[in-house]
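Trainee: I would like a close look at one part of this protein. Please take me through a single residue and then the spaces around the fold.

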Amino acid sequence: MIRIQKLATPPEKLVQDGKTKRRSHCSSYSRNPKIYQLGERTFSFDCNIYAHKSVKQALIQAQHGKCCFCERLTGIDGDVEHFRPKQAYKQATGEPLYRPGYYWLAYEWDNLYLACPGCNQRHKQNLFPLQNPSERAISHRHDVGAEQPLFIDPGKENPEEFIRFRGEVAYAVESNVRGQATLNTLKLNQRSLPEARLQRLQMLKRLWQIVQLAQSDEKAGDAGCQELAGEARHSLERAIQDAAEFSAASRWAVQTKFQFVIG
Ligand SMILES: [Zn+2]
């Protein structure tokens, strides 16, 4: 995970149509909260607004076409994901599903990200654990600012302060509970992610080795080797930029001189 900088101005579709929908959902809830809490009535959210092509395109641009959690390149195949679930939520896997969810944030720019189907549909789903569940905002009258989410919000904080990498393996810095919860819930050290990261890191390690070799006395006068090293250095620089797939893991591999990258 890396820090995501979205444009400060939300896409027009959210401002216009999203605001109207939000107002109507909030007044419906206020009229009869019980039927929504019991699940007798549910909100119908319009994906033509929150996942409108202009919204998705703005997210693709802000996130360089990568999943906000696992940093896989997804591009147009990614889902528009709600950080705080819109329809219902769970504090933890196996715990009850509570309704309604954060219906008033369904069209809020801050609450939307691009995520791969694996992270969004298979693992995060309706989960939104809090450190302080009793402070949970359960309607639009409550302040989500009082919540302390366990998931790291890449639009508001820098995930690299919570999660780092030893080779292809992600770990929570000083075993912090939020990094751990994000890693465990989204299974960021499972699925095919470590293998995919390792493959990339091994390729980068080769480039790094070329750069090291070119710096030796023996190769100092070798024009061919120096040229190759220049290209390798350039590729390494690109690989640690935000736009590159698995950039966080790559940054830590470079920082630790690839000592944890096997092969
Ligand atoms: Zn993902």
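**A serine and the empty spaces**

Mentor: Start with Ser-250. Beyond its neighbours within four places in sequence, Ser-250 is in contact with Arg-200, Leu-201, Leu-204, Ala-239, Ile-240 and Glu-245. Keep in mind that this is a predicted model. Ser-250 is found in helix α9, which covers residues 247-255. Is Ser-250 buried or exposed? Its relative accessible area is 0%. Ser-250 is therefore buried, since the cut-off for that word is under 20%. Its side chain has a polar partner. A polar atom of the Ser-250 side chain lies 2.8 Å from the backbone oxygen of Phe-246.

Phe-246 leads on to the largest cavity, because Phe-246 has an atom within 4 Å of a point in that cavity, which makes it a lining residue. Ala-249 belongs to that lining too. The other lining residues are Met-1, Phe-69, Cys-70, Glu-71, Ile-163, Phe-165, Ala-170, Leu-183, Leu-188 and Arg-197. By class, the lining has 10 nonpolar residues, no polar ones and two charged. The space inside comes to about 70 Å³.

Now the domains. The assignment gives domain 1 as 12-153 and domain 2 as 193-255. Each of them supplies at least three residues to the lining of the largest cavity. The C-alpha centres of the two domains lie 38 Å apart. They do touch: six residues of domain 1 are in contact with nine residues of domain 2.

How many cavities of 30 Å³ or more are there? The count is two. The second largest cavity holds about 50 Å³. Its lining consists of Ile-2, Ile-4, Gln-63, Lys-66, Cys-67, Cys-68 and Glu-71. Four of these residues are nonpolar, one is polar and two are charged. Glu-71 appears here, and Glu-71 also lines the largest cavity.

Last, the open space. The largest pocket has a volume of about 310 Å³. What lies nearest its centre? Phe-83, Arg-84, Val-144, Asp-153 and Lys-156 do, out of 16 lining residues. That lining divides into eight charged residues, four polar and four nonpolar. Set it beside the largest cavity, whose lining has no polar residues and two charged.

Technical notes: Residues numbered from 1 in each chain as written. Predicted model: local features only at pLDDT ≥ 70, side-chain atom pairs only at ≥ 80, totals over all residues. Heavy atoms only, no water. 1 Å grid on protein atoms, 1.4 Å probe; cavity = no way out; pocket = protein on both sides within 12 Å on 5 of 7 lines; lining within 4 Å. Points joined across faces, edges and corners; volume = space filled by probe spheres on them. Nonpolar A, V, L, I, M, F, W, Y, C, P; charged D, E, K, R; others polar. Helix = DSSP H or I, 4+ residues; strand = E, 2+ residues; numbered from the N terminus. Buried < 20%, exposed > 50% of the residue type's maximum accessible area, 1.4 Å probe, protein only. Polar contact = N/O pair within 3.5 Å; in protein donor to acceptor, adjacent residues only side chain to side chain. Contact = heavy atoms within 4.5 Å. Domains from an automatic or database assignment.
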